[in-house]
Amino acid sequence: MTRDHLRRVEQVCSDLTTTGTPVTFTAVAEAAQIARATLYRNRELRAVIDDHRTRQTDARTLTGLATEVAQLRSIVETLATTVTAHEERLRRLSPRNR
């Protein structure tokens, strides 16, 4: 397996999810132009596909949506903390009197 295979599989899975198309090994194999057997045998490729399939299934349930909202909230809080830290650094670095 090459990094190119991994990149193509991740991109195809993302595209399928975005369009609402079910993520299946057959669909990924066709779109990524990789043999289906390769997708099944390679643990890393299989894990990527299984992860996207799980997310796609979970997104349709209330529990899945609640989990996604909690993850997004955590990400936003982390970004807010980082932005605040950068703003403080910029204030310290900028000249106070011009």
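These are my notebook entries on a predicted model of one protein chain.

**Entry 1: overall fold**

I began with the secondary structure. The protein chain has five helices and zero strands. Read along the sequence, I get the pattern α-α-α-α-α. Next I looked up the radius of gyration, which is 20 Å. The globule rule gives 13 Å for 98 residues, and the chain's value is well over that, so the chain is more spread out than a compact globule. I also took the spans of the C-alpha trace along its principal axes, and they come to about 65 × 35 × 25 Å.

**Entry 2: surface and contacts**

I then turned to burial. Of the 98 residues in the chain, 19% are buried. The exposed surface is about 7,500 Å². Carbon and sulfur atoms supply 53% of that area. For contacts, I took those with a sequence separation of 6 or more. Residues 24 or more positions apart account for 54% of them.

**Entry 3: the nonpolar core**

Which residues touch the most other members of the largest nonpolar core? I found Val-9, Cys-13, Val-23, Val-28, Leu-39 and Ile-49 in that role, within a core of 15 residues. Helices α1 (3-19), α2 and α4 each supply at least two residues of this core. α1 gives the most, with five residues. I keep one general point beside this: in soluble globular proteins, nonpolar side chains tend to be buried together.

I followed Val-9 further. Leaving out residues up to four places away in sequence, Val-9 touches Val-28, Ile-34, Leu-39, Leu-45, Val-48 and Ile-49.

**Entry 4: the aromatic pair**

I searched for aromatic pairs, and the count comes to one. The partners are Phe-25 and Tyr-40, and their rings are stacked. I noted 4.2 Å centre to centre and 15 degrees between the planes. The angle counts as stacked because it falls under the 30 degree cut-off. Phe-25 sits in helix α2 (residues 25-32) and Tyr-40 in helix α3 (residues 36-41), so the pair ties together parts that are 15 residues apart in sequence.

Are the two partners buried or exposed? Phe-25 counts as buried, at 4% relative accessibility. Tyr-40 is partly exposed, with a relative accessible area of 37%.

**Entry 5: the end of α2 and the loop after it**

I checked Ala-32, which lies in helix α2. Its relative accessibility is 3%, so Ala-32 counts as buried. What does Ala-32 contact beyond its neighbours within four places in sequence? I found Arg-8 and Val-12. The C-alpha atoms of Ala-32 and Arg-8 are separated by 5.7 Å, although the two residues are 24 apart along the chain.

Gln-33 is in the loop between α2 and α3. Its relative accessible area is 71%, so Gln-33 is exposed, whereas Ala-32 is buried. I also looked up the backbone angle. Phi of Gln-33 is near 55 degrees, a positive value in a residue other than glycine.

**Entry 6: Asn-42**

My last stop was Asn-42, in the loop between α3 and α4 (43-58). Is Asn-42 buried or exposed? The relative accessible area is 19%, and burial means under 20%, so Asn-42 is buried. I then traced its side chain. It reaches the backbone nitrogen of Leu-45 at 2.9 Å. Leu-45 had come up in my notes before, as one of the residues that Val-9 touches.

Key:
Residues are numbered from 1 along each chain as its sequence is written. This is a predicted model: local features need pLDDT of at least 70, side-chain atom pairs count only at pLDDT 80 or more; totals for chains, interfaces and linings use all residues. Side-chain values use heavy atoms; hydrogens and water are left out. Rings of Phe, Tyr and Trp (its six-membered ring) pair if their centres lie within 6.5 Å; planes under 30 degrees apart count as stacked, over 60 as edge-to-face and the rest as tilted. Helices (H or I, at least four residues) and strands (E, at least two) are DSSP runs, numbered from the N terminus. Buried means under 20% relative accessible area, exposed over 50%, partly exposed in between (1.4 Å probe, protein chains only). A polar contact is a pair of N or O atoms within 3.5 Å; within protein, one must be able to donate a hydrogen and the other to accept it, and residues adjacent in sequence count only if both atoms are side-chain atoms. A nonpolar core is a set of buried Ala, Val, Leu, Ile, Met, Phe, Trp, Tyr and Cys residues joined through side-chain atoms within 4.5 Å. Contact means heavy atoms within 4.5 Å. The radius of gyration is taken over C-alpha atoms; the globule rule is 2.2 Å times the number of residues to the power 0.38. Accessible areas come from the Shrake-Rupley method with a 1.4 Å probe; for residues, only the protein chains shown count as cover.
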